[in-house]
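User: Please take one part of this structure and look at it closely, going through its contacts, its exposure and its charged pairs in a single connected account. I would like the reasoning to stay with what the coordinates support.

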Amino acid sequence: MDDLEKLLYMLEIQILRDQKDRAIAGLKKRGFSDERLLIIDQIVALDDLRKDQQTQLDVQLNERNTLSDEIGNLFKSGKAQEANQLKIKVQAIKEAAETLEVKLQQTKSDLDAIDVYKRQVHINYFFNTYALIRARICYFTRMVSETVSL
């Protein structure tokens, strides 16, 4: 298991965010180099980017919905020219939201890749630990049986 796998297995983003100094100090004790610890900032930054993109997207979608309601009211009151101007603005917001949604999906995909990797590392860690325990049990069983047969 390399350093990155250990880092991803041991730490969650929330721990990195809330107790970053403590996590870094603990990892340094375990022999992680400063260069390898830079990934902590990258993971937190990626999560921050996802949150920021989601907030921006929510604001744009809310503005689009509000303006769409206003367009309907303007058409009902006979103000078609003002409604058509707002339609242009809504179209621009829609295009910006679509672009932002693509970026958000890419960011989520990057985070999912980390999460899938973490799960794979966890599974590998579990099986490696299981195999080690099983090997130790076999060793001690052999030792006990050899001792008893003497």
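Analyst:
**Helix α4 and its surroundings**

D34 is partly exposed, with a relative accessible area of 48%, a value that, like every other one here, comes from a predicted model. The state assigned to D34 follows because 48% lies between the 20% under which a residue is buried and the 50% over which it is exposed. D34 pairs with K28 in a salt bridge, in which the closest N and O atoms are 3.4 Å apart. Its partner K28 is also partly exposed, at a relative accessible area of 44%.

This pair also belongs to a helix-helix contact, since K28 is among the residues of α3 that meet α4, and D34 is among the residues of α4 on the other side. Helix α3 covers residues 20-29, whereas α4 covers residues 34-76. The two helices pack at an angle of about 150°, with 11 Å between their axes. The angle is over 145°, so α3 counts as roughly antiparallel to α4. The handedness of this crossing is right-handed. From α3, K20, I24 and L27 take part in the contact together with K28, while on the α4 side L37, I40 and D41 take part together with D34.

Further along α4, a second group of charged side chains centres on D47. The side chains of R50 and D47 form a salt bridge with an N to O distance of 3.2 Å, and K51 forms another with D47, at 3.8 Å from N to O. Both of these distances satisfy the 4 Å limit that defines a salt bridge here. R50 lies 3 residues from D47 within α4, about one turn of the helix, and K51 lies 4 residues from D47 in α4, which is again about one turn. D47, R50 and K51 are thereby linked in a network of salt bridges. Within that network the exposure is uneven: D47 is buried, with a relative accessible area of 7%, whereas R50 is partly exposed at 23% and K51 is partly exposed at 36%. The assignment of R50 deserves some care, because its 23% is over the 20% below which it would have been called buried. For the chain, the salt bridge count comes to 3.

Which residues does α4 bring to contacts or C-alpha pairs with other parts of the chain? Three examples, taken in sequence order, are I43, Q53 and N65, each of which lies in α4. I43 is buried, at 6% relative accessibility, and its C-alpha lies 7.2 Å from that of I13, although the two residues are 30 positions apart in sequence. Q53 is buried as well, with 7% relative accessibility, and, leaving aside residues up to four places away in sequence, it touches L100, K103, L104 and T107. N65, in contrast, is partly exposed, with a relative accessible area of 42%, and its C-alpha is separated by 8.6 Å from that of V90, which is 25 residues away along the chain.

A pair seen from the other side can be added at K87, which is placed in α5, a helix covering residues 80-149. K87 is partly exposed, at a relative accessible area of 43%, and its C-alpha lies 7.1 Å from that of I71, with the two positions 16 residues apart along the chain. Beyond residues up to four places away in sequence, K87 touches I71 and F75.

These local details sit in a chain that has 5 helices and 0 strands, running α-α-α-α-α from the N terminus. Of the contacts in the chain with a separation of 6 or more, 69% are between residues 24 or more positions apart. Buried residues account for 21% of the 150 residues, and D47, I43 and Q53 are among those counted as buried. The accessible surface of the chain is about 10800 Å², and carbon and sulfur atoms make up 55% of that surface.

Notes: Residues are numbered from 1 along each chain as its sequence is written. This is a predicted model: local features need pLDDT of at least 70, side-chain atom pairs count only at pLDDT 80 or more; totals for chains, interfaces and linings use all residues. Side-chain values use heavy atoms; hydrogens and water are left out. Buried means under 20% relative accessible area, exposed over 50%, partly exposed in between (1.4 Å probe, protein chains only). Contact means heavy atoms within 4.5 Å. Accessible areas come from the Shrake-Rupley method with a 1.4 Å probe; for residues, only the protein chains shown count as cover. Axes are lines fitted to C-alpha atoms, for helices over the stretch in contact, and angles run from 0 to 180 degrees between N-to-C directions. Angles under 35 degrees count as roughly parallel, over 145 as roughly antiparallel, 65 to 115 as roughly perpendicular and the rest as oblique. A crossing is left-handed if the near helix is turned anticlockwise from the far one by less than a right angle, and right-handed if clockwise.
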